[in-house]
Amino acid sequence: MANFLGIFTVRNLLGLSLALNLSLVLRVVYESGKDGGPHGFSVEEQRGPSMADMGFGKEAQATQRTRLSASSSCGQDVMEKVINLDHGDPTMYENYWQRMGERTTVVISGWQSMSYFSDVKNPCWFLEPEFAKQVVRLHNVVGNAVTEGRQIVVGTGSSQLFLAALYALAPKDGSEPLSVVSAAPYYSSYPSMTDCLKSGLYKWAGDARIFSKEGPYIELVTSPNNPDGFVRHSMVNRTGGLLVHDLAYYWPQYTPISSAADHDLTLFTVSKATGHAGTRIGWALVKDPEVAKKMIKFIELNTIGVSRDSQLRAAKILEVMTNTSENVGHIGSYESFFWISHHLMAERWQLLRAAVNRSRVFSLPDFTPGFCHFLNQDSQPQPAFAWLKCEDDRVEDCESFLRGYKMLTRGGRHFGVGPKYVRISMLDRDNNFNIFVKRLSAIQS
């Protein structure tokens with residue numbers, strides 16, 4: 001009996017051990033396929049840097065990731081899911097920053113950043129020196145803006161800086177509010193932001209293309225433009241105007257970098273450059289020191305400065321972006337945020353155009369390629385938003401039409417044009433974007 005129990009125990013232990021090992025292996029394989037492995041990446045992406053050594057591995061993996069994401073969604077009931085592409089929440093970039101891991105981690109001790117003041121010697125006393133340093137480094141590497149001879153003014157996103165610019169440029173002793181204009185289609189928040197406080201200093205005056213009122217004015221020039229993605233210049237062709245250039249999308253993933261922007265007042269934002277919308281940090285490059293001082297005063301009155309913690313986090317992110325982008329075109333460029341996101345945006349636009357062509361209900365703008373000095377190659381504009389038009393005569397309101405297919409967009413009326421147009425974010429997560437493209441291609445005339 002004892003011998004029998006001994007044999008039984010050994011045999012069963014061996015069998016149990018094999019079963020447990022096999023179960024563990026299968027579970028690891030299953031979890032890798034289901035969740036994309038550790039850090040949210042697919043098994044395909046973890047096989048090694050064979051193509052990466054040539055500088056093309058990561059963008060090829062980004063393509064594979066999109067395909068895997070599309071196939072994984074087939075098993076779920078996606079027809080009832082509402083796809084919200086009304087706003088430009090840049091969650092598309094999450095995968096890249098997960099890949100960077102601890103390289104962008106910032107540890108702030110409880111005793112740090114307690115003072116209101118960052119640098120009392122700087123006119124912008126709440127500007128963190130490290131953030132200013134990384135802003136200059138990034139612009140110099142990308143080549144999209146002149147920083148020499150400019151005061152950097154930091155703000156809680158470019159929205160606060162936009163209001164600070166209006167406050168700084170509008171005369172305080174004017175007989176009437178200064179007119180603020182922008183060429184339609186213009187950014188949908190410009191009118192509401194301008195008139196929110198019903199200021200006596202300035203007021204929204206509509207489309208710059210038809211503006212004819214005599215006297216001074218402020219023109220907002222958004223380039224590349226939100227919502228249609230085209231490069232913009234001033235449209236009011238006369239003297240007396242003050243220009244504010246909103247260059248939130250003048251980065252290599254969205255448009256060719258043709259030259260370093262050299263304007264009196266330009267606005268940038270971390271949310272569109274890096275994808276970190278929740279950090280709420282933007283910056284302005286201001287040529288006139290007096291205008292900069294007035295902008296700083298507005299922010300001081302509005303929020304008593306800008307979060308020092310957010311600036312430190314943003315500085316670290318910009319530092320990693322710059323470090324990984326200094327050798328674009330050479331070995332190691334596969335780590336560049338701009339290189340990877342450029343290829344991912346190109347793929348998304350290719351998928352969207354294919355869906356629009358299959359549907360034959362919609363149309364998209366055609367863009368002229370240009371030479372990008374940062375990428376050192378010809379590049380096609382691929383905006384952060386798609387400016388979609390419903391071409392079917394039976395559809396009068398494209399926003400309502402797409403809502404019927406559980407796709408939320410922002411209609412043309414918000415941008416100063418007709419309801420045949422909608423703006424669609426290209427920056428959502430892979431799964432939502434793929435469902436959107438599939439659903440759009442299924443709409444037939």
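Let us start at a small landmark: I304 lies in the loop between helix α8 (289-303) and helix α9. Its backbone has a positive phi of about 50 degrees, although I304 is not a glycine. How open to the surroundings is I304? With a relative accessibility of 47%, I304 counts as partly exposed, because that class covers values between 20% and 50%. Please keep in mind as you look around that this is a predicted model.

A similar spot can be found at R280, in the loop between α7 (270-273) and β8 (282-286). R280 is not a glycine, and yet its phi is positive, at about 55 degrees. R280 has a relative accessible area of 35% and is partly exposed.

Now step back and take in the whole protein. It contains twelve helices and 15 strands. Of its 445 residues, 50% count as buried. The accessible surface comes to about 21,400 Å², and carbon and sulfur atoms hold 55% of it. Consider also the contacts between residues with a separation of 6 or more: 73% of them join residues 24 or more positions apart.

From I304, the chain leads on into α9, so let us see what this helix packs against. Two packed helices are described by the angle between their axes and the distance between the axes. For helix α4 (residues 129-142) and helix α9 (residues 308-325), the axes come within 9 Å and cross at roughly 25 degrees. Angles under 35 degrees count as roughly parallel, and α4 and α9 are therefore roughly parallel to each other. Their crossing is left-handed. On the α4 side, the contact is made by E130, F131, Q134, V135, R137, L138 and V141. On the α9 side, the residues taking part include A314, A315, L318 and M321.

Next come the sheets. Strands of a sheet pair through backbone hydrogen bonds, either parallel or antiparallel. One open sheet here has seven strands, in the order β2-β8-β7-β6-β5-β3-β4, and its pairing is mixed. Which strands stand at its edges? They are β2 (151-155) and β4 (202-207); each has a single partner strand, so one side of each is left without a neighbour in the sheet. From one strand to the next, the twist averages 25 degrees. Inside this sheet, β6 (residues 241-246) and β7 (residues 265-269) pair in the parallel sense over two bridges. You can locate this pairing at H245, which stands opposite T266 in β7.

Two loops that follow strands of this sheet hold a cis peptide bond. One such bond joins A184 and P185, with omega about -5 degrees, and P185 is found in the loop between β3 (178-182) and α6 (189-195). Another joins S223 and P224, with omega about -10 degrees. P224 has its place in the loop between β5 (217-222) and β6.

Further along the chain, four strands form an open sheet in the order β9-β12-β15-β14, with antiparallel pairing. Its edge strands are β9 (362-363) and β14, each of which pairs on one side only. Helix α10 (residues 337-359) packs on this sheet and touches β9 and β12; the direction of α10 makes about 5 degrees with that of β12.

Is strand β15 (residues 421-425) largely enclosed or left open? Four of its five residues are buried, so β15 is largely enclosed by the rest of the structure. Five bridges join β15 to strand β12 (residues 385-390), and the two run antiparallel. Along this pairing, W387 stands opposite R423 in β15. Strand β14 (residues 410-411) also pairs with β15 in the antiparallel sense, over two bridges. There, the bridge partner of G411 is V422 in β15.

A last stop is N376, in the loop between β10 (370-372) and β11 (377-379). With a relative accessible area of 59%, N376 is exposed. How far apart in space are N376 and I257? They are separated by 119 residues in sequence, and their C-alpha atoms are 9.5 Å apart.

Key
Residues numbered from 1 in each chain as written. Predicted model: local features only at pLDDT ≥ 70, side-chain atom pairs only at ≥ 80, totals over all residues. Heavy atoms only, no water. Buried < 20%, exposed > 50% of the residue type's maximum accessible area, 1.4 Å probe, protein only. Contact = heavy atoms within 4.5 Å. Areas by Shrake-Rupley, 256 points an atom, 1.4 Å probe, with all protein chains shown as cover. Pairing = 2+ DSSP bridges. Axes fitted to C-alpha atoms, helices over the stretch in contact; angles between N-to-C directions. Parallel < 35°, antiparallel > 145°, perpendicular 65-115°, else oblique. Left-handed = near helix turned anticlockwise from the far one by under 90°.
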